[in-house]
Amino acid sequence: MNRVTRYLKSLLLLELLQGMGLTMAYMFKPKYTMRYPMEHIPKSNRFRGLHALRRYPNGEERCIACKLCEAVCPALAITIDSAPRADGQRRTTRYEIDLFKCIFCGFCEESCPVDSIVETHVHEYHFEQRGENVVTKPQLLAIGDRFERDIAAARAQDAAFR
Amino acid sequence: MLAELLLVLWTLAKVLAIVLPLVIAVAMFVYWERKVIGWMHVRMGPNQIGPLGLMQAFADVVKLLLKEIVVPTNANRFLFFLAPMLALVPALAAWAVIPFSDGLVLANINAGVLYLLAMTSMGVYGIILAGWASNSRYALLGAMRSAAQVVSYELAMGLALVCVLVLAGSLNLSDIVTAQSGGLLHWFWLPLLPMAVVYFISGVAETNRAPFDVAEGESEIVAGFHVEYSGSAFALFFLAEYANMILVAFLTSILFLGGWLSPFPATWGLIGHGSFFWLLAKAFVVAFLFLWFRASFPRYRYDQIMRLGWKVFIPIALVWVLVAGLLKYFHIVAPGA
């Protein structure tokens, strides 16, 4: 009896029709696809993208050349030279990050006592010439100036956990 | 002389009126296939080129035509280039006897069904030649599989057609459709329900489509018979395969689903009358089944294909030939009621 029912079931294509019903149901489900350049998935406020150097609201750069980030950097991507400025404060004369070496671990940001070096939400960038992968201090400061509002907002959201 | 010339030109115009829309239909069918399979995979399918990706098929055509045709070393050049044409010509020639509407047919010949059987079987020669001429073992394997498969399913398909012929009493496709007139329940799908299923599944197997696509078998033998083909030569195989799919969809509609006849009574005005659009709608639904199958079922194992063809379909078809004969003999199904 069992064999007969099994034979009838396979002859009537019941399981195949069941499978087709499943695929038909999936046809009308909302799609997971994100049309990337037009649509973006939301990013966490802890997202670690392109680096930036921040300034205080009065325009003074935050970095005090303590070199903690250079010391903590596991990929040795950060190079810092420092010297006294005209007003006697210690400042960096050179602050370079080699983005080919950088592994975007975020240790530099965590180690910074003055919240100067940060990682922004920018992840869409490219280089056209060899050597452009090393971003210099003016470039980092410019990135910071450009995205200061986003950077500050992300830090404010995360403030309770820092 | 002039009259003959005009006749030739007029026939040529009629041929073009069938072939050009067919080629466009193939292009749109490829797009529709990618779209439907995408949706069933919870993806979107092509959506970049043109509105909703509608121009995707034409972009593909341009790409294929501009590509180089690589001829493998030691391939038989003559047969290598002959094979795609041999695959395409029968696929297009079969459309000559398709009745699109009452009287709207290029060649209303009395042996229409025989002509169709001959043409659909011819296509496999292109595939075998392609496999052999490529001088590649994958291509040869694919060609062998395809040949064995087509031969097995031809039998079941022919027996299903015999049932239709018995009930309709004619080999002429237009007569077969008119024999089904009288509403939804007079179409041949009802008295020949198992045969309609057998015919369509054999049609899927004949066109080497999933789940019977062992001739291509991407995961086993790369691409089967057309593995060495590129550019416009590959495009011809592609065109032939999809033209055959649309042909099987039209044939299933004509033989079992009443062709151009309307499912509604004639008193319902415009939608009650049979027209080309009814045939088109039926063929569209049947063609959708091809895509639905492809998104749903994994490929058959080779011995299972043979088992299905020889041990399931042919016995069922043989029994149903007898049933169809009895239905006809005792006037349970009368043509054109």
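1. A quick term before the hairpin: two strands count as paired if DSSP finds at least two bridges between them. In this predicted model, strand 2 and strand 3 of chain A form a hairpin with 5 residues between them. One of the turn residues, A:Gly88, has a positive phi of about 90°.

2. Staying with that pair: strand 2 covers residues 78-84 of chain A and strand 3 covers residues 90-98 of chain A, and the two are antiparallel over 7 bridges. If you want to check the register, A:Thr79 has A:Glu96 as its bridge partner in strand 3 of chain A. Further along, A:Ala83 is bridged to A:Arg91 of strand 3 of chain A. As background, strands of a sheet pair through backbone hydrogen bonds, either parallel or antiparallel.

3. The hairpin belongs to an open sheet of 3 strands in chain A, with order 2-3-5 and antiparallel pairing. Strand 2 and strand 5 (134-135) of chain A are at the edges with a single partner strand each, so one side of each has no neighbour in the sheet. Helix 5 (residues 137-157) of chain A packs on this sheet and touches strand 3 and strand 5 of chain A. The direction of helix 5 of chain A makes about 90° with that of strand 3 of chain A.

4. On the other pairing in the sheet, strand 3 and strand 5 of chain A run antiparallel and are joined by 2 bridges. In one of them, A:Ile97 has A:Val135 of strand 5 of chain A as its partner.

5. Over to chain B. Helix 1 there (residues 2-40) has 39 residues and reaches 56 Å from first C-alpha to last, close to the 57 Å expected at 1.5 Å a residue. After helix 1 of chain B comes B:Val42, with a positive phi near 60°.

6. Which residues of helix 1 of chain B are buried? They are B:Leu22, B:Val26, B:Phe29, B:Tyr31, B:Glu33, B:Lys35, B:Trp39 and B:Met40. Note that B:Glu33 and B:Lys35 are in that list. The cover over these buried residues comes from both chains: it includes helix 2 (14-27) of chain A, along with helix 2 (56-66), helix 9 (231-256) and helix 10 (276-296) of chain B.

7. The contact between the chains takes 9 residues from chain B and 10 residues from chain A. On the chain B side, helix 1 and helix 10 are the elements that give two or more residues. Helix 10 of chain B has the largest share of that side, 3 residues. By type, the chain B side divides into 7 nonpolar, 1 polar and 1 charged.

8. The largest nonpolar core has 100 residues, and B:Ala160 and B:Ile246 have the most contacts inside it. Helix 9 of chain B gives the most to this core, with 19 residues. Leaving out residues up to four places away in sequence, B:Ala160 touches B:Met195, B:Val198, B:Tyr199, B:Ser202 and B:Ala317. Apart from this core lies another, of 21 residues, including A:Cys63, A:Cys102, A:Cys108 and A:Cys112.

9. Last, a loop residue. B:Gly183 lies between helix 6 (173-178) and helix 7 (193-206) of chain B. Is B:Gly183 buried or partly exposed? A residue needs 20 or more other C-beta atoms within 10 Å to be buried and counts as exposed at 12 or fewer; B:Gly183 has 15, so B:Gly183 is partly exposed. B:Gly183 and B:Val164 are 19 residues apart in sequence and 17 Å apart in space, C-alpha to C-alpha.

Note on methods
Residues numbered from 1 in each chain as written. Chains lettered and ligands numbered in written order. Predicted model: local features only at pLDDT ≥ 70, side-chain atom pairs only at ≥ 80, totals over all residues. Helix = DSSP H or I, 4+ residues; strand = E, 2+ residues; numbered from the N terminus. Expected span 1.5 Å × (residues − 1). Contact = placed C-beta atoms within 7 Å. Nonpolar A, V, L, I, M, F, W, Y, C, P; charged D, E, K, R; others polar. Core = buried A, V, L, I, M, F, W, Y, C linked by C-beta atoms within 7 Å. Axes fitted to C-alpha atoms, helices over the stretch in contact; angles between N-to-C directions.
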